[in-house]
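Please load the model in the viewer and keep the side chains ready for selection. This tour proceeds through aromatic rings and the charges placed over them.

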Amino acid sequence: MLNLWYKNAVIYCVDVETFMDSNGDGIGDFAGLADRLDHVEALGATCIWLLPFYPTPNRDNGYDITDFYAVDPRLGTLGDFVAFTHAAHDRGLRVIVDLVANHTSIDHPWFQEARRDPNSRYRDWYVWSKEKPKDIHEGAVFPGVQDATWTYDEAAQAWYMHRFYKHQADLNIANPEVREELEKVMGFWLQLGVSGFRLDAVPFLIEYRGVPEEERPKDDPHLYLNELRSFVSWRRAEAMLLAEANITMDQVNEYFGPSGDRLHMIFNFMLNQHLFLSLARKDAEPIRRVMAQTPAIPLKSQWASFLRNHDEIDLGRLPDAERGEVFSAFGPAPEMQAYGRGIRRRLAPMLGGDEQRLKQAFSLMFALPGTPVLWYGDEIGMGDDLSLAERNSVRTPMQWADERNAGFSTAPSEQLVRPVVSGGAFDYRSVNVVAQHDLDGSLMSTLQRLIRTRRACPEIGWGRCRVLETSETSVLALRYDWHGETVLIVHNLADHAVEVQVSLDEVSRLRPLFCDEDDRTMRDASEPIHLSPYGYRWFRAHGERR
């Protein structure tokens, strides 16, 4: 029997180096993460996603890897990693890890040998050009920071391809030897107990840019996703692949596969961008619009819903005018923006620290079709540090307590991997885990209740979703049906109270599950629903059906 655990999971994303320091060197580590698993378990998450933790020069938050088979010594050893996974499994937590298959660091031994020796087996593991490519400045992922996608290497006497920074050379995925090596990498970590991989930059992984036409596979490049799926499924039946793929809705079938035999999960970037447009407008129309365009997906497939992650909020799929609306509402200053397309702020400062709006945003994200993914620290409303370069603004140390260095580390503050947020409305002295622990009404306690509610509603992960009509454009009403059960969730994005009538066909009674008001009374399904400003209500159909 298939184990589709990811269909109804709650994923918590952690950057090991900024979560908890166990040895006082100013850098988070696996021993510290293992020590704080109680927090993740108490929050209600069911799976931990680890950002890259491999050996690295660390020019790009660990995404520039020099060894796929080891742990960065700053973070611990392979033994520490196994001890962590064992502790996670003891708490019922699965672990997925980042698989960066698109590129390596130029410091990786593979690349170093490839550049030194044109006859090396590793030469063809990367993408080279003897002549200066004509499209050297096209397709830069980080405009304004990244000058080109090709760089000349003196030792190799050739240009190498890099879709990202010049210190990250693209692997040649068209080469069967590279594919075989990546399978070995996956097999290694699966053997150590992980339950899957978050695949980095999947559209770039399968585009074969720069590879001579005669060396490219002749079949559909998306079929490589079938190979990856087949391998992880044979090695560990429960393993899943979660793709970072900022795709449009007409590409969905190509990535999930016609029968759901490619990627298990895909981050829903289109819905995320329209969600923020809705929050900016205080109107649910953009969400309704993109949901109407979303195709049905195979039974074994799943979307991943999110608000924030470790990168910028990418608004590149929105038209210029709509992107401008989101910038104006949530990132009006140039230093708040990144690459001309995104916002490099955490959620709480974007919403002005308004707890009601924060709680509603989380409720909305958990109510959308798919599996919710949380970024560490957002559960307490952590702020950001815009003085840090690029996306590091949202990667500051976890704020545990009103203690030195926010309880993250005992090291001198100047030795910390990044400074803690220590000023303004999001100062660690006021925003921390201890301050919100077991405090009714706090953001963290509300999120704990929300996660318990979401885990008790498998209809959202498994069922059919319908967007219901209401008389108020600010209201998003979602109905889920699965195995004879019905869940209704309504959100008011406006800053004023509204009352809506929702048609539920045969449903006669509604039992409250979760809301922003203290209302636990059964109600007639035909009665209007009152929603406060930024209000939300979750109901389960109950009693006889009409």
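Is phenylalanine 188 buried, partly exposed or exposed? Select this residue in the model, which is a predicted one: phenylalanine 188 counts as partly exposed, at 26% relative accessibility.

Next, count the ring pairs. The model holds 39 aromatic pairs when ring centres within 6.5 Å are taken as paired. One of them joins tyrosine 69 to phenylalanine 188: the ring centres are 5.5 Å apart and the planes stand at 85°, so this pair is edge-to-face. Tyrosine 69 belongs to the loop between strand S2 (47-50) and helix H3 (78-90), whereas phenylalanine 188 belongs to helix H5 (residues 176-191), so the contact ties together parts that lie 119 residues apart in sequence. Tyrosine 69 is itself partly exposed, with a relative accessible area of 24%.

Now add tryptophan 189 to the selection. The ring centres of phenylalanine 188 and tryptophan 189 are 5.0 Å apart with planes at 90°, so this pair is edge-to-face. Tryptophan 189 counts as buried, at 0% relative accessibility.

Then widen the selection to the aromatic cluster that contains these rings: Phe30, Phe53, Tyr54, Phe68, Tyr69, Phe81, Phe84, Trp110, Tyr122, Trp125, Phe188 and Trp189.

From the cluster, move to Tyr122. Which residue lies over the face of tyrosine 122? Arginine 121 does, at 5.0 Å from the ring centre.

Finally, select arginine 346 and tyrosine 376. The charged end of arginine 346 is placed over the ring of tyrosine 376, 5.0 Å from the centre of that ring.

Terms used: Residues numbered from 1 in each chain as written. Predicted model: local features only at pLDDT ≥ 70, side-chain atom pairs only at ≥ 80, totals over all residues. Heavy atoms only, no water. Phe/Tyr/Trp six-rings, centres within 6.5 Å; stacked < 30°, edge-to-face > 60°. Helix = DSSP H or I, 4+ residues; strand = E, 2+ residues; numbered from the N terminus. Buried < 20%, exposed > 50% of the residue type's maximum accessible area, 1.4 Å probe, protein only. Lys NZ or Arg CZ within 6 Å of the ring centre and 35° of its normal.
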